[in-house]
Amino acid sequence: MPETQQRVGIMGLGRMGRCLVQGLVESKTVSRDHIFFTTKHEETAKRVAEELGIHRCESNAALVKQCPTLVLAVKPQNCREVLGEIAGGMGKENTLVSIVASISTGDMESALGAKAAVVRAMPNTPAFVREGITALCLGSHAGQRDWDRAYTLFKPLGKVVKVDERHMDAVTGLSGCGPAYIYMVLESLTDGGIKVGLPRDLATQLAAQTVLGAAKMLMETGRHPAALKDEVTTPAGCTIDGLMELEEGKLRVTLIKAVVQATRRAKMLAKQASR
Ligand SMILES: NC(=O)c1ccc[n+]([C@@H]2O[C@H](COP(=O)([O-])OP(=O)(O)OC[C@H]3O[C@@H](n4cnc5c(N)ncnc54)[C@H](OP(=O)(O)O)[C@@H]3O)[C@@H](O)[C@H]2O)c1
């Protein structure tokens, strides 16, 4: 049976769980009748089953028996409880893919025992519009089959990269939290447009397409951002005046510090979670 015809079981159908289901279904990677799920509350489960047309499972332990690929999409504080419920049922045929922030593959392996195959994933919210980026790292008992299963889940949501687990907190600080930094940049550019007299809708559209286009230029040309910046900056032109304001406002060091601080916080949460 092709992997995509196998069942996928998702534990936790909140925002991220839903995003994953929509990606899998819309891309025709996995059909609705192969997707199973659990939630904590009865009423949520009923609503999800009705809205998304996927199968509800009565318990996490039952889900493990039915689905080779399992996704852990609960909040970090619910993680231990769920791992405890599935520990006895995990077999060689199962892969657990966790999107839970700050919980290491080592912690999950210890909670599950018996050489469980675990993959840790850090997606980000542009996954909702299929422009996300997901970093994956493999646990010590996970192999090619488990990578393939995880890749199949996240590919419909955007790009997928493989990273060393030691980089996972940094990934969280950059691409996991990054959409929030860019929304703040977009909000400010829009306000700048409004300050100089543009209607809000037009200012928003100009700001958003400029950020999208600049990112695309970087990715498609493969050139250094500083070289691309220099091309926009004509001698004695307007851009250099704008750049001088950004330098004075310490934009670059502020963004660098945002990534550093968010990474620190992710590390701290990881330490707390492993206690
Ligand atoms: N948001 C992001 O940008 C982002 C990015 C990457 C990773 N993540 C990670 O994604 C995970 C999920 O985040 P979210 O925003 O989707 O959370 P959420 O909306 O709060 O959803 C959590 C889900 O877990 C369910 N749940 C709780 N305990 C359970 C249990 N014992 N068994 C089965 N289901 C259970 C909840 O059920 P009820 O609805 O019935 O309470 C709910 O459906 C988090 O660990 C987060 O770290 C988030």
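## A buried strand residue

V160 has its place in strand β8, which covers residues 158–162. The model described here is a predicted one, and V160 offers a convenient starting point for reading it. Is V160 buried or exposed? V160 has 20 other C-beta atoms within 10 Å, and since a residue counts as buried when 20 or more such atoms lie within that distance, V160 is buried.

Leaving aside residues up to four places away in sequence, V160 touches T134, L136, Y151, F154 and K155. Separation along the chain and separation in space can also be set side by side: V160 and D191 are 31 residues apart along the chain, and their C-alpha atoms are separated by 33 Å.

## A buried loop residue

V30 lies in the loop between α1 and β2, the latter being residues 35–38. V30 has 24 other C-beta atoms within 10 Å, and it is therefore buried. Here the two kinds of separation can be compared again, because V30 and L153 are 123 residues apart in sequence, while their C-alpha atoms are 8.8 Å apart in space.

## Helix α7 and its surroundings

Which residues of α7 are buried? They are M168, D169, V171, T172, G173, L174, S175 and G176. Since eight of the nine residues of α7 are buried, this helix is largely enclosed by the rest of the structure. The elements against which the buried residues of α7 pack are β6 (117–122), β7 (132–138), α8 (178–195) and α12.

Two packed helices are described by the angle between their axes and the distance between the axes. Helix α7, residues 168–176, packs with helix α12, residues 251–274, at an angle of about 135°, and their axes are 8 Å apart. That angle makes α7 oblique to α12, and the crossing of the two helices is right-handed. On the side of α7, the residues that take part are D169, A170, T172, G173 and L174, and in α12 they meet V259, A262, T263, A266, K267 and A270. Sorted by class, the residues of this contact between α7 and α12 comprise six nonpolar, three polar and two charged.

## Helices α4 and α5

A second pair of helices can be read in the same manner. Helix α4 packs with helix α5, residues 105–112, at an angle of about 40°, with the axes 9 Å apart. This makes α4 oblique to α5, and α4 passes α5 in a right-handed crossing. Which residues of α4 and α5 meet? R80, L83 and G84 in α4 meet M108, A111 and L112 in α5, and the residues of this contact divide into four nonpolar, one polar and one charged.

## The shell around the ligand

The ligand is surrounded by 28 residues, of which the closest are G12, G14, H41, T44 and A101. Two elements, α1 (15–26) and α4 (76–86), give two or more residues each to this shell. Which element contributes the largest share of the shell? It is α4, with four residues, so that the helix that meets α5 through R80, L83 and G84 also appears beside the ligand.

By class, the shell around the ligand holds twelve nonpolar residues, twelve polar residues and four charged residues.

Key
Residues are numbered from 1 along each chain as its sequence is written. This is a predicted model: local features need pLDDT of at least 70, side-chain atom pairs count only at pLDDT 80 or more; totals for chains, interfaces and linings use all residues. A residue is near a molecule or strand if its C-beta atom, placed from the backbone, lies within 6 Å of it. Ala, Val, Leu, Ile, Met, Phe, Trp, Tyr, Cys and Pro count as nonpolar, Asp, Glu, Lys and Arg as charged, and the others, Gly among them, as polar. Axes are lines fitted to C-alpha atoms, for helices over the stretch in contact, and angles run from 0 to 180 degrees between N-to-C directions. Angles under 35 degrees count as roughly parallel, over 145 as roughly antiparallel, 65 to 115 as roughly perpendicular and the rest as oblique. A crossing is left-handed if the near helix is turned anticlockwise from the far one by less than a right angle, and right-handed if clockwise. Two residues are in contact if their C-beta atoms, placed from the backbone, lie within 7 Å. A residue is buried if 20 or more other C-beta atoms lie within 10 Å of its own, exposed if 12 or fewer, and partly exposed in between; C-beta atoms are placed from the backbone.
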